[in-house]
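Colleague: I've got a few "how do you know that" questions for you. Can you pull up the model so we can go through them together?

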Amino acid sequence: MNPNLREAEQQKQLEQKEAEFLDLILRAYRAEKTDGFKTFQGKRPAARVGRAGQSPVTRLYVEEIILECRQKHITRVDILGFEFRDGPLPQRAGRGARQRH
């Protein structure tokens, strides 16, 4: 990011970098981008894909995902993250839920 740019331009650069990072992650995971969700950025044939961006995956983020799954009747989710915080995540949010590192 260029520190000589105005704040609005810096924000635009940051958003562009985040969008490029998301595209890279989804391509690597063989998922396609999706809109209309609060916590999901992509989908695969058998699951929705959520990711915490460059932030750690927290218990609060996982609880937000579970809430959206219940509201939209989603039964399978893959959560992508580089770091997991707040101790163990819920082992079973529903049938077939599992935690992988």
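Colleague: What makes strand 3 and strand 4 count as paired?

Modeller: Keep in mind this is a predicted model. Pairing takes at least two bridges between the strands. Strand 3 (residues 47-51) and strand 4 are joined by four bridges, so they qualify as a pair. The two run parallel. One of the residues involved is glycine 50, whose bridge partner in strand 4 is isoleucine 79.

Colleague: Which side chains of strand 4 are buried, and which are not?

Modeller: Strand 4 covers residues 77-80, and its side chains alternate. Asp78 and Leu80 point to one face and are buried. Val77 and Ile79 point to the other face and are not buried. That's the pattern for a regular strand, where side chains alternate between the two faces of the sheet.

Colleague: Why is arginine 76 called partly exposed?

Modeller: Its relative accessible area is 35%. Buried would need under 20% and exposed over 50%, so arginine 76 lands in between and gets called partly exposed.

Colleague: And where does arginine 76 sit?

Modeller: Arginine 76 is in the loop between helix 2 (59-72) and strand 4. Its C-alpha atom is 10.0 Å from that of isoleucine 66, with the two residues 10 apart along the chain.

Colleague: What pattern does the protein follow along the sequence?

Modeller: It reads α-β-β-β-α-β, with two helices and four strands in the protein.

Colleague: How much of the protein is buried?

Modeller: Of the 101 residues, 27% are buried; the cut-off there is under 20% relative accessible area.

Note on methods. Residues numbered from 1 in each chain as written. Predicted model: local features only at pLDDT ≥ 70, side-chain atom pairs only at ≥ 80, totals over all residues. Heavy atoms only, no water. Buried < 20%, exposed > 50% of the residue type's maximum accessible area, 1.4 Å probe, protein only.
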